[in-house]
Amino acid sequence: MESQMPDPSISPSNAGGLSIRSTRVTDFEQITTLSNLPLYRAGTLRLPYQSLEHTRKWLESHGSGTLSIVAEIDGQIVGVAGLQRLEGRRLHAADLGIGVHDQFTGQGIGKALLGALIDAADNWLNIRRIELTVFADNAPAIRLYEKFGFETEGLLKAYAFREGRFADAFAMARVRGI
């Protein structure tokens, strides 16, 4: 079944001063600040108090199978997203991660980042399957993923320990042209 395609009118060039670009190693300070925000971190598997060195090493470790982008407004990084292509017999698939600054949620930044990654996956990388996990209580993110054709494939019970208790997550995927 062909997945729903994203709205082509959503692009970095018309997202109200927002620009999308590739990450740079020199972004490590702003990305660390983003990673340490409470709501941003709550949607990830990151531990509190991420260090500058950890983020710098993470950015330096991106290989040819990684597409990593940021969203900026007036030079401030307000979102980070990426695709990590899988290997071997799963070369057609990639893992997706995305996060938006606590003070910039609900402003179309996640939509612009996700649209840019899906465009790259479909039109440049020939990725047929994009996978992600999302905490089950993150309704805004789940709605966004569904708008881009992602479907829930399963519930991961007690997926991660977060804020003093175990939290469930959904495994979601967008599969194109099967």
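The paragraphs below go through the strands, the nonpolar cores, one helix and one glycine of this predicted model.

The UniProt record, an unreviewed entry, places the feature "domain: N-acetyltransferase" at residues 18-177. In the model this span is 29% helix and 38% strand, and its end C-alpha atoms lie 31 Å apart.

The strand pairing can be followed from E3 onward. Strand E3 (residues 76-85) and strand E4 (residues 93-100) run antiparallel and are joined by 7 bridges. Within this pairing, Gln84 has Asp95 in E4 as its bridge partner. E4 is also joined to strand E5 (residues 129-135), here in parallel and by 3 bridges; the partner of Ala93 in E5 is Arg129. Helix H4 (residues 109-123) belongs with these two strands, since E4, H4 and E5 make a right-handed β-α-β unit.

E5 is joined in turn to E7 by 7 bridges, and these two strands run antiparallel. Leu132 stands opposite Met172 of E7. E7 pairs as well with strand E6 (residues 151-162), in the antiparallel sense and over 8 bridges. In that pairing Leu156 stands opposite Ala169 of E7. E6 and E7 form a hairpin with 2 residues between the strands, where Glu163 takes a positive phi near 50°.

The side chains come next. In soluble globular proteins, nonpolar side chains tend to be buried together. The largest nonpolar core of this model has 28 residues, and those with the most contacts inside it are Leu83, Leu96, Ile109, Leu114, Ile130, Tyr145 and Phe150. The elements that give two or more residues to this core are strand E2 (66-73), E3, E4, H4, E5 and helix H5 (139-147). H4 gives the most, with 7 residues. Leaving aside residues up to four places away in sequence, Leu83 touches Gly65, Thr66, Leu67, Ala94, Asp95, Leu96, Leu117, Ala121, Ile127 and Ile130. A second, separate core has 9 residues, among them Phe28, Tyr40, Leu59 and Val70.

Helix H5 has two distinct sides. Its buried residues are Ala141, Ile142, Leu144 and Tyr145. They cover an arc of only 160° around the axis, so they are on the same side of H5. Pro140 and Lys147, on the other side of H5, are exposed. The buried residues of H5 pack against E4, H4, E5 and strand E7 (165-175). After H5 comes Gly149, whose phi is positive, near 90°.

The last residue to consider is Gly99, which has its place in strand E4. Gly99 is buried, because its relative accessible area is 9% and buried means under 20%. Not counting residues up to four places away in sequence, Gly99 touches Tyr40, Gly79, Val80 and Leu113. One of these contacts, Tyr40, is also a member of the second core. By contrast, Arg89 is 10 residues from Gly99 in sequence, yet their C-alpha atoms are 28 Å apart in space.

Key: Residues numbered from 1 in each chain as written. Predicted model: local features only at pLDDT ≥ 70, side-chain atom pairs only at ≥ 80, totals over all residues. Heavy atoms only, no water. UniProt positions renumbered as here; feature names shortened; annotations may be inferred. Helix = DSSP H or I, 4+ residues; strand = E, 2+ residues; numbered from the N terminus. Pairing = 2+ DSSP bridges. Right-handed = clockwise from strand over helix to strand, strands pointing away. Core = buried A, V, L, I, M, F, W, Y, C linked by side-chain atoms within 4.5 Å. Buried < 20%, exposed > 50% of the residue type's maximum accessible area, 1.4 Å probe, protein only. Contact = heavy atoms within 4.5 Å. Arc of directions from axis to C-beta.
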